[in-house]
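The following exercises concern a sheet, a nonpolar core and a set of salt bridges. Please work through each task before reading its solution.

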Amino acid sequence: MSEPFIGEIKIVGFNFAPRNFAFCNGQMLPISQYTALFSILGTTYGGNGTSTFALPNLQGSVPMGFGDGPGLTVRPLGQAVGEETVTLLETEIPAHSHTLRGGDLSPANREQRVATPTSAAMFGLSNPTLAYKVPPASGTTFSPNMVTHTGGNQPHENRQPYLSLNFVIALAGVFPSRN
């Protein structure tokens, strides 16, 4: 295998960093021990720039090229974007409707005449003293349990399908020329 460029990132399918490589896990390194790598990375990924600098953190991330393109947002080198989980707001969901369906029980079943509809009781016949009897009293408000929201404002997984691999960065090797 040829000698890597200092700062070259590789993907490996094993659970250790080879000699002269480190995991791309955002760890801080002392500038005094890795001056060549610091001269290439600087504080792009973190660090104070006087005694420490950080390696890129590609844990749980997908690498993306920096720059811009037609119709794309400018992405500077080292910028982290995206979220692993997302909670959708009502304004982010396409317009749609849910049809409320109901009808008389056939045959009529008095045990299913309940105060509020549940997953065990069909919306249809009701107890004659309740708000959703036929015909309903004028201006009557139905039970909020008749049609409910789902999801409970809980975040859902937002990552694309993935395969777990390790990213490593070369700590030593050939210093890349700029021409």
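**Exercise 1: the strand β7 and its sheet**

Strand β7 is mostly covered, with 4 of its 5 residues buried. Buried denotes under 20% relative accessible area, exposed over 50%, and partly exposed the range in between (1.4 Å probe, protein chains only). Strands (E, at least two residues) and helices (H or I, at least four) are DSSP runs numbered from the N terminus.

The model is predicted: local features need pLDDT of at least 70, side-chain atom pairs count only at pLDDT 80 or more, and totals for chains, interfaces and linings use all residues. Residues are numbered from 1 along each chain as its sequence is written, and side-chain values use heavy atoms, with hydrogens and water left out.

Task: determine in what order the 3 strands of the open sheet lie, and which residues stand opposite I169.

Solution.

1. The order of the open sheet is β1-β7-β2, with antiparallel pairing. Two strands count as paired if DSSP finds at least two bridges between them.
2. β1 (9–12) and β2 (21–23) are the edge strands, each pairing on one side only. From one strand to the next, the twist averages 35°; strand axes are lines fitted to C-alpha atoms, and angles run from 0 to 180 degrees between N-to-C directions.
3. Between β1 and β7 there are 4 bridges, and I9 has I169 as its bridge partner in β7.
4. Between β2 and β7 there are 3 bridges. Here A22 stands opposite I169, while F23 has V168 as its bridge partner.

**Exercise 2: the nonpolar core**

Task: identify the residues with the most contacts inside the largest nonpolar core, and the elements that each supply at least two of its residues.

Solution.

1. A nonpolar core is a set of buried Ala, Val, Leu, Ile, Met, Phe, Trp, Tyr and Cys residues joined through side-chain atoms within 4.5 Å.
2. The largest such core has 13 residues, and L29, L37, L41, F53, L55 and I169 have the most contacts inside it.
3. At least two core residues come from each of α1 (35–41) and β7 (166–170).
4. Beyond its neighbours within four places in sequence, I169 is in contact (heavy atoms within 4.5 Å) with residues including I9, F21, A22, L37, L41 and L55.

**Exercise 3: the salt bridges**

Task: work out which residues are joined into one network by salt bridges that share partners.

Solution.

1. A salt bridge requires a side-chain nitrogen of Lys or Arg within 4 Å of a carboxyl oxygen of Asp or Glu. This rule gives a count of 3.
2. E8 and K10 form a salt bridge at 3.7 Å, N to O. E8 is partly exposed at 26% relative accessibility, as is K10 at 24%.
3. E84 and R159 form another, with their closest N and O atoms 3.8 Å apart. E84 lies in the loop between β4 (52–54) and β5 (85–86) and R159 in the loop between β6 (156–157) and β7, so this pair ties together parts 75 residues apart in sequence.
4. R159 also forms a salt bridge with E157, where the closest N and O atoms are 2.6 Å apart. E157 is partly exposed, at 44% relative accessible area.
5. Through shared partners, E84, E157 and R159 are therefore joined into one network.
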